[in-house]
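Got your viewer open? Load the model and get ready to click through a few selections.

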Amino acid sequence: MAAVEAAVEAAWEAVIGLETHVQLGTDSKIFTAASTAFGDDPNTHIDPVVCGLPGTLPVLNQRVLEYAVKAAMALNLNISEHSKFDRKQYFYPDLPKNYQISQYDEPIAEEGWIEVEVAEKGKDTYLKTIGIERLHMEEDAGKLVHAGSDRLDGSTHSLVDYNRAGVALAEIVSKPDLRTGREAAEYASEIRRIMRYLGVSDGNMQEGSLRCDVNISVRRGPDAPFGTKVEIKNMNSFSAIQKACEYEIKRQIKAYESGEPIVQETRLWDEGKQLTKSMRSKEGASDYRYFPDPDLGPIEVSSEQRESWRSQLPELPAAKRHRYAKALGLSQYDARVLTDERPMADYFEAVVSAGADAKLAANWITGDIAAYVNSNRLSYTELPFRAEQLAEMVQLIESGKISGKIAKEILPELLEKGGSPKAIVDGRGLGMISDPAAIEAIVDELLAAHPAEVEAFRGGKTKLQGFFVGQLMKKTGGKADPKLANRILSTKLKA
């Protein structure tokens, strides 16, 4: 039965596009000086402009424009010489003005793309270019708090918190180039990564700083016309995006195969039940009755201003991944992990700049150091173990002065307090024994103490060399040079 279902699904293709709402990390709102601080008491960050009271006039926050243009540049979008704000009319309790100031037919940027690395367990990793239709600026709505339940269904009443109303958003609309739930999740993750690299948003999905709506339809093969699209809301993680897409693809295919129509609607993702549920019929652009906002003038960004902002862009994640793989010889996996967060990438590059081997540095950073940083909820900028100190430790290993085992022994202290690895090694006499004569004497002693094992080795049980290596390391406290010890042991065991 499962094989039949898989064959049916294989005959269909999903068409997916994402609308990603990025909360821009400004201290004040898009059209007023009201604070954007998260987590304060409800309705403490509102003012007459946010509420649209008579006689008030919105004024565009210059930092919002800067962040939006930088975000657009990082997404390879064309910055419009001329754009404007529009009013989008609709009523909802958390929208105090009964309209939203957004951008409709003349957005700040259009026609871009990003490269996404799609990695999934058990499958080959591949690169895919995803087109981006537009980026536009708009204000956020408030938040409904449903009492008596964690959602509208089952609640006894709802309260409105307008603190978020008027917070600046950049809405990024992808082209319908995504084909799987995994691609959708990776695309959203890359958008978040880019925004965090730029410093224009913290991308915190739990706090609503980044929210995604998925538009999804299915069709019979890549040459068939698009089907009826459905919008899915209420996803607060990349995992939820992937699962919601996978569920909806199956639901739509099953409906078409059964002769049921798919209607254009907005659905919600129910994380508890792992399914989508119908919410309302989907509005069209005409339902919003857009018109130019009469209180806000046109937006013009000079070429000089554009170039000034472009010069401030950092190296972005995709470029770092390519450079780490090509110039530094790292694996795709290592490059991906190291570039996921800019502070980690900056720390890694500082270690390499201080003279450490890139691969060895990557192993320590993505392993023990990342585990320590994550478990202690630290930033790499707060880590006592500075980049040049890790480089010193890596160089001690490379030069054969200490073993990896010794490095692991002193690492906890270094992570807690920092300091010079060389000073610790010298002060405690932890340096590696690399004198051939000293190691030969210990090997002779071990062979004499274990004649039965020597005879068994010479009789064909060559794996016993590992036993002797273990005994040697035990006797020297792990300080014997492993390569030299193995070479001397092999020579003497075979003699």
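This tour goes from the sheet to the cores and then to the cysteines. Keep in mind that you are looking at a predicted model.

**Stop one: the sheet.** Colour the strands. You'll find an open sheet of nine of them, in the order E2-E5-E6-E9-E1-E10-E11-E12-E13, with mixed pairing. At the edges sit strand E2 (78-79) and strand E13 (275-281), each pairing on one side only.

Now zoom in on strand E5 (residues 109-118) and strand E6 (residues 126-139): they run antiparallel, joined by nine bridges. Pick valine 116 and look across to E6, where lysine 128 is its bridge partner. Next, show helix H4 (residues 181-198), which packs on the sheet and touches several strands, including E5, E6 and strand E9 (168-174). The direction of H4 makes about 115° with that of E5.

**Stop two: the cores.** Select Ile16, Leu75, Leu135, Tyr187 and Met195: in the largest nonpolar core, with 64 residues, these touch the most other members. Add helix H3 (residues 62-74), which gives the most to this core, nine residues. Then centre on methionine 195; beyond its neighbours within four places in sequence, its contacts are Val22, Ala71, Leu75, Ile172, Val200 and Ser201. For a second, separate core of 40 residues, try selecting Tyr324, Phe348, Ile424 and Leu430, which are among its members.

**Stop three: the cysteines.** How many disulfides does a search of the whole structure find? Zero. Select cysteine 212 and cysteine 245 to see why this pair isn't bonded: the sulfur of cysteine 212 has its closest cysteine sulfur in cysteine 245, 9.8 Å away, too far for a bond. Cysteine 212 is buried at 2% relative accessibility, and cysteine 245 is buried at 0%.

Terms used:
Residues are numbered from 1 along each chain as its sequence is written. This is a predicted model: local features need pLDDT of at least 70, side-chain atom pairs count only at pLDDT 80 or more; totals for chains, interfaces and linings use all residues. Side-chain values use heavy atoms; hydrogens and water are left out. A nonpolar core is a set of buried Ala, Val, Leu, Ile, Met, Phe, Trp, Tyr and Cys residues joined through side-chain atoms within 4.5 Å. Buried means under 20% relative accessible area, exposed over 50%, partly exposed in between (1.4 Å probe, protein chains only). Helices (H or I, at least four residues) and strands (E, at least two) are DSSP runs, numbered from the N terminus. Contact means heavy atoms within 4.5 Å. A disulfide is a pair of cysteine sulfur atoms within 2.5 Å. Two strands pair if DSSP finds at least two bridges between them. Axes are lines fitted to C-alpha atoms, for helices over the stretch in contact, and angles run from 0 to 180 degrees between N-to-C directions.
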